[in-house]
Amino acid sequence: MRIDNLETSPISYRGKLVKYAKSCGWVLCVGAGISDGVFPCWNDLAKELFRLTRVRCSDEALDEFLKLFGAEAMMQAAANALPETERQRIPEYLSKALYQKLQTKAGNNWKTVAKALTSSKPFNLSTDEWKYFDEFIASFGRASAPQIASAIAKVIDDKRRPEAILSFNAEPLLYGLINCHYGYVNPES
């Protein structure tokens, strides 16, 4: 098939990404799916945030609200349900809702997980801490962030590396795993 002298078959694109990446660079753009299972999805995050307001609603009522109005409206409803004096604590409540599952599962190792997620350099944790973090995140199963981080870590010192990584996530999982894989899981990188 040809449109305006441009061939659009899959075969016509073969090898072009490599060519364009060499001349222009490339950017990786990731979304919430890469942390599936590790962090709550948008609707679950909204429900958990709403529960932290201590307004009592059944799961059925919350699900119906989500279906009719969406997660953003539920988060706004959660903020509106708080007394005026507590509204400045919304970031704290959001953080608690986001990290509660990880913190509970990590138990006594939560400080290691938090350190791995907030470390700006791959060498800020010991080998044992990175090993624990890598195995801990792998225990969630569904997330693709570990595989993506491993691939990035392998090319981070290479001209094939991405020029930038754009993340639409509100959490640092991919970046923590890149540090983990770069410094300790793939030390030959």
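What follows is a dialogue about how to read some features of this predicted model.

Biologist: I would like to begin with the inside of the protein. Which residues have the most contacts inside the largest nonpolar core?

Modeller: A general idea helps here. In soluble globular proteins, nonpolar side chains tend to be buried together. In this model, the largest nonpolar core has 42 residues, and those with the most contacts inside it are Val-38, Phe-39, Leu-102, Leu-117, Phe-133, Ile-137 and Leu-173. Helix α6 provides the largest share of this core, six residues.

Biologist: Could we take one of those residues? What does Leu-117 touch, beyond residues up to four places away in sequence?

Modeller: Leaving those out, Leu-117 touches Phe-39, Tyr-99, Leu-102, Phe-133, Pro-172 and Leu-173. Several names return from the core list, among them Phe-39 and Leu-173.

Biologist: Now a single helix. Which residues of α3 are buried?

Modeller: In α3, the buried residues are Leu-45, Ala-46, Lys-47, Leu-49, Phe-50 and Leu-52. Their cover includes α4 (59-69), α5 (71-81) and α6. After α3 comes Arg-54, which has a positive phi near 70 degrees.

Biologist: And Phe-65, in helix α4: how does one describe its exposure?

Modeller: Phe-65 has a relative accessible area of 27%, so it counts as partly exposed. Apart from neighbours within four places in sequence, Phe-65 is in contact with Gly-70, Ala-73, Met-74 and Ala-77. For a sense of scale, look at Asp-158: it is 93 residues from Phe-65 along the chain, and their C-alpha atoms are separated by 48 Å.

Biologist: Let us move to helix α10. Are Ile-178 and Asn-179 buried or exposed?

Modeller: Ile-178 has 7% relative accessibility and therefore counts as buried. Asn-179 is buried because its relative accessible area is 11%, under the 20% limit. Asn-179 sits in α10, which covers residues 173-185, and Ile-178 lies in α10 as well.

Biologist: What do these two residues touch, not counting residues up to four places away?

Modeller: Ile-178 touches Ala-149, Ile-152, Ala-153, Ile-156 and Ile-165. Asn-179 touches Ser-119, Ser-120, Lys-121, Pro-122, Trp-130 and Tyr-184. You can also place Ile-178 relative to Arg-160: they are 18 residues apart in sequence and 15 Å apart in space, C-alpha to C-alpha.

Biologist: Next, the pockets. What is the volume of the largest pocket, and which residues lie nearest its centre?

Modeller: The largest pocket has a volume of about 290 Å³. Its lining is made of 18 residues, and Ala-32, Phe-39, Pro-40, Cys-41 and Trp-42 lie nearest the centre. Two or more lining residues come from each of α3 (42-52) and α6 (90-106), and α3 gives the most, with three. Sorted by class, this lining has nine nonpolar, four polar and five charged residues.

Biologist: How does one describe the second largest pocket?

Modeller: In the same way, starting with volume: about 250 Å³. The second largest pocket is lined by Leu-17, Val-18, Ala-21, Lys-22, Gly-25, Trp-26, Lys-159, Arg-160, Arg-161 and Glu-163. Its lining divides into four nonpolar, one polar and five charged residues.

Biologist: How many cavities of 30 Å³ or more does the whole structure have?

Modeller: The search finds one. The largest cavity has a volume of about 30 Å³, and its lining consists of Leu-49, Thr-53, Ala-78, Ala-79, Leu-82, Ile-90 and Tyr-93. Both α5 and α6 supply at least two residues of that lining. By class, the lining has six nonpolar residues, one polar and no charged.

Biologist: One last topic. How many disulfides does the structure hold?

Modeller: A disulfide is a covalent bond between the sulfur atoms of two cysteines. This structure holds zero disulfides.

Biologist: Why does Cys-24 form no bond with Cys-29?

Modeller: Because the sulfur of Cys-24 is 18 Å from that of Cys-29, its closest cysteine sulfur, which is too far for a bond. Seen from the other end, Cys-29 is in no disulfide, and the nearest cysteine sulfur is that of Cys-24. As for exposure, Cys-24 is exposed, with a relative accessible area of 63%, while Cys-29 counts as partly exposed at 48% relative accessibility.

Conventions
Residues numbered from 1 in each chain as written. Predicted model: local features only at pLDDT ≥ 70, side-chain atom pairs only at ≥ 80, totals over all residues. Heavy atoms only, no water. 1 Å grid on protein atoms, 1.4 Å probe; cavity = no way out; pocket = protein on both sides within 12 Å on 5 of 7 lines; lining within 4 Å. Points joined across faces, edges and corners; volume = space filled by probe spheres on them. Helix = DSSP H or I, 4+ residues; strand = E, 2+ residues; numbered from the N terminus. Nonpolar A, V, L, I, M, F, W, Y, C, P; charged D, E, K, R; others polar. Buried < 20%, exposed > 50% of the residue type's maximum accessible area, 1.4 Å probe, protein only. Contact = heavy atoms within 4.5 Å. Core = buried A, V, L, I, M, F, W, Y, C linked by side-chain atoms within 4.5 Å. Disulfide = S-S within 2.5 Å.
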